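Hi,

Here is the structure I promised to pass on. Have a look at it first, and then read my notes below.

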Amino acid sequence: MQRRTLLMLAAAPVLPCKLAFANVPARPVTIGVLPGPHAEILACARGVAAAHGLDLRIVERSDGQAINADVARGRLDAASFQDGVSFARDHARYGNELIEATRTVTQPVALYSRRITSPRQLSRGATLAIPRDPPLQARALVLLHNHGLVVLRDGAGLTATTRDVVGNRHQFRLDPLPAGRLADALYRVDLAVIDRPTADRAGLLPARDSIGVEDARTPWSDVLAVRAADRSADWVGTLVASYRSEPVKRFILERYQESVRRPW
């Protein structure tokens, strides 16, 4: 069965990446984020935005759903924490009041192993640990498909499960595990597919430690969300352009190398 690369390209940004220097609000614009890369990158973008008259205030929260709820209610102006697939799935929960302003970064899932240095070295019947959680499992299976290790049925894509594997010519054993057990499983399995936050907690970096990494332009790249009512606001255009500016590009490359990737 011929393998085809799946889901490599994310949707185009909803809003243009164009600086709007005039008519930014006099009040601060508040952005809800999770701690980590989202907060760190926006701290860099805040300096760029300030040079164009936009005062960004970064509000760190530990609960992403609470961030979206506060944006929908007007308590925050924007959110930057969620991947595009999850955002699309949760869209109706907020009465379609939130829209995707732009793609931000990809925190890639990756292939890790303590036994081999390339996926091509996997032996017949090798054990591959994958996330048990359905959204993460789909993402992991697409990565395995794109590396030629399994073949998924047409149309599986964003909701793929192990039942959608229609090609496994090397008879790999897929072992679904809770995300928190994937890193420890590296001592007994041949390969594990691990998401970025889980890998980070285990001291693993995709750019340094993986043997295969998710493409930056994936549907699971993260999004900046705003209220639909603010779709055409000048501050949104300035925020997007500030995020995608050269200083922020350099910061992402120098701070994370390819462990956090740019889909733009």
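In what order do the five strands of the open sheet come? Keep in mind that this is a predicted model. The order is E9-E6-E10-E5-E11, with mixed pairing. Strands E9 (173-177) and E11 (212-213) are at the edges and have a single partner strand each, so one side of each has no neighbour in the sheet.

Let's stay with E9 for a moment. Its link to strand E6 (residues 127-131) is made of five bridges, and the two run parallel. One pairing you can look up is Ile-130 with its bridge partner in E9, Pro-176. Helix H4 (residues 134-146) lies across E5, E6, E9, E10 and E11, at about 140° to E6.

Now for the cores. The largest nonpolar core has 27 residues, and Ile-41, Leu-54 and Leu-239 touch the most other members. Among the elements that each supply at least two residues to this core are strand E1 (29-33), helix H1 (37-51) and helix H8 (234-243). Leaving out neighbours within four places in sequence, the contacts of Ile-41 include Val-105, Tyr-243, Phe-251 and Val-260. Another core, of 26 residues, lies apart from that one and includes Val-109, Ala-140, Leu-144 and Trp-220.

One last residue to click on: Ala-78, in strand E3 (residues 78-83). Is Ala-78 buried or exposed? Its relative accessibility is 0%, so Ala-78 counts as buried. Beyond four places away in sequence, Ala-78 touches residues including Thr-30, Ile-31, Val-71 and Leu-224. Its C-alpha atom is 8.0 Å from that of Val-29, although the two are 49 residues apart along the chain.

Cheers

Definitions and conventions
Residues are numbered from 1 along each chain as its sequence is written. This is a predicted model: local features need pLDDT of at least 70, side-chain atom pairs count only at pLDDT 80 or more; totals for chains, interfaces and linings use all residues. Side-chain values use heavy atoms; hydrogens and water are left out. Two strands pair if DSSP finds at least two bridges between them. Helices (H or I, at least four residues) and strands (E, at least two) are DSSP runs, numbered from the N terminus. Contact means heavy atoms within 4.5 Å. Axes are lines fitted to C-alpha atoms, for helices over the stretch in contact, and angles run from 0 to 180 degrees between N-to-C directions. A nonpolar core is a set of buried Ala, Val, Leu, Ile, Met, Phe, Trp, Tyr and Cys residues joined through side-chain atoms within 4.5 Å. Buried means under 20% relative accessible area, exposed over 50%, partly exposed in between (1.4 Å probe, protein chains only).
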